[in-house]
Amino acid sequence: MHADTGQAALRAAGLFDRFRALARPEGQEWRTLDPATADLLLHELPADGDEDRPEIDRGQLRGLILESLAAGTVRWDRAVSGVTQLGDGTCRLHFGDGTTEDFDLVIGADGAWSRVRPALSDATPDYTGVAFVEIGIDDVDVRHADFARLVGNGTMVALAGGKALFAQRNSNGHIRGYAAFRAPQDW
């Protein structure tokens, strides 16, 4: 969470102190490993007191923001099938059950094939030829201590021949990992 953008927004929303209680400045650590030997090629450690871009788990950040909103602001389990911009600056959401409702503010956080994006832009996702596979490992410090040491407190990356392995430390002994590689869209 960068100081000049995300942290600034959290300050403006009055959520900065709660963010700081959850943030992990040590998560700024970066390790680049040799893909064949796992030797450390590059190691960036945050300086003492450096909190320019501390990490926070996505779920914790979402919870922090959701808890600050009035009850009923976010409604779960309602699939959006489309969005229509109305002339007065509001938007009409069309739900999968056939109902509609108008809103002053709509936040589209529904991924690559967003139902909200077409209300703002005619841009559509385009496959770039790179696929990512995500994994999650719990209790990593106990169950996979060697891997936990390779990742450290932040992010680890190993690159070779157009392939990459990324792993990022999260809270509570969890590591989120990604394998990236070139593949046809229908692989």
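This short talk concerns the aromatic ring pairs, and the charges placed over rings, in the structure above. Please bear in mind that the model is a predicted one.

Let me begin with the ring pairs. The count comes to four aromatic pairs. One of them joins Phe 16 and Phe 19, whose centres are 5.9 Å apart with 40° between the planes, a tilted arrangement. Both residues belong to helix H2, residues 16-22, and because they are three residues apart there, about one helical turn separates them. As for accessibility, Phe 16 has a relative value of 13% and therefore counts as buried. Phe 19, at 1%, is likewise classed as buried.

I turn now to the strands. Phe 132 and Tyr 178 have ring centres 6.4 Å apart and planes at 75°, so this pair is edge-to-face. Phe 132 is in strand E6, residues 130-137, and Tyr 178 is in strand E9, residues 175-182, so the pair ties together parts that lie 46 residues apart in sequence. Is each partner buried or exposed? Phe 132 counts as exposed, because its relative accessibility of 52% is over the 50% cut-off. Tyr 178, by contrast, counts as buried, because its 17% is under 20%. Ring pairs also bring in Phe 166, which forms a cluster with Phe 132 and Tyr 178.

Finally, the charges. Phe 16, already met in the tilted pair, has Arg 11 over its face, 3.9 Å from the ring centre. Elsewhere, Arg 78 places its charged end over the ring of Phe 95, at 3.7 Å from the centre of that ring.

Definitions and conventions:
Residues numbered from 1 in each chain as written. Predicted model: local features only at pLDDT ≥ 70, side-chain atom pairs only at ≥ 80, totals over all residues. Heavy atoms only, no water. Phe/Tyr/Trp six-rings, centres within 6.5 Å; stacked < 30°, edge-to-face > 60°. Helix = DSSP H or I, 4+ residues; strand = E, 2+ residues; numbered from the N terminus. Buried < 20%, exposed > 50% of the residue type's maximum accessible area, 1.4 Å probe, protein only. Lys NZ or Arg CZ within 6 Å of the ring centre and 35° of its normal.
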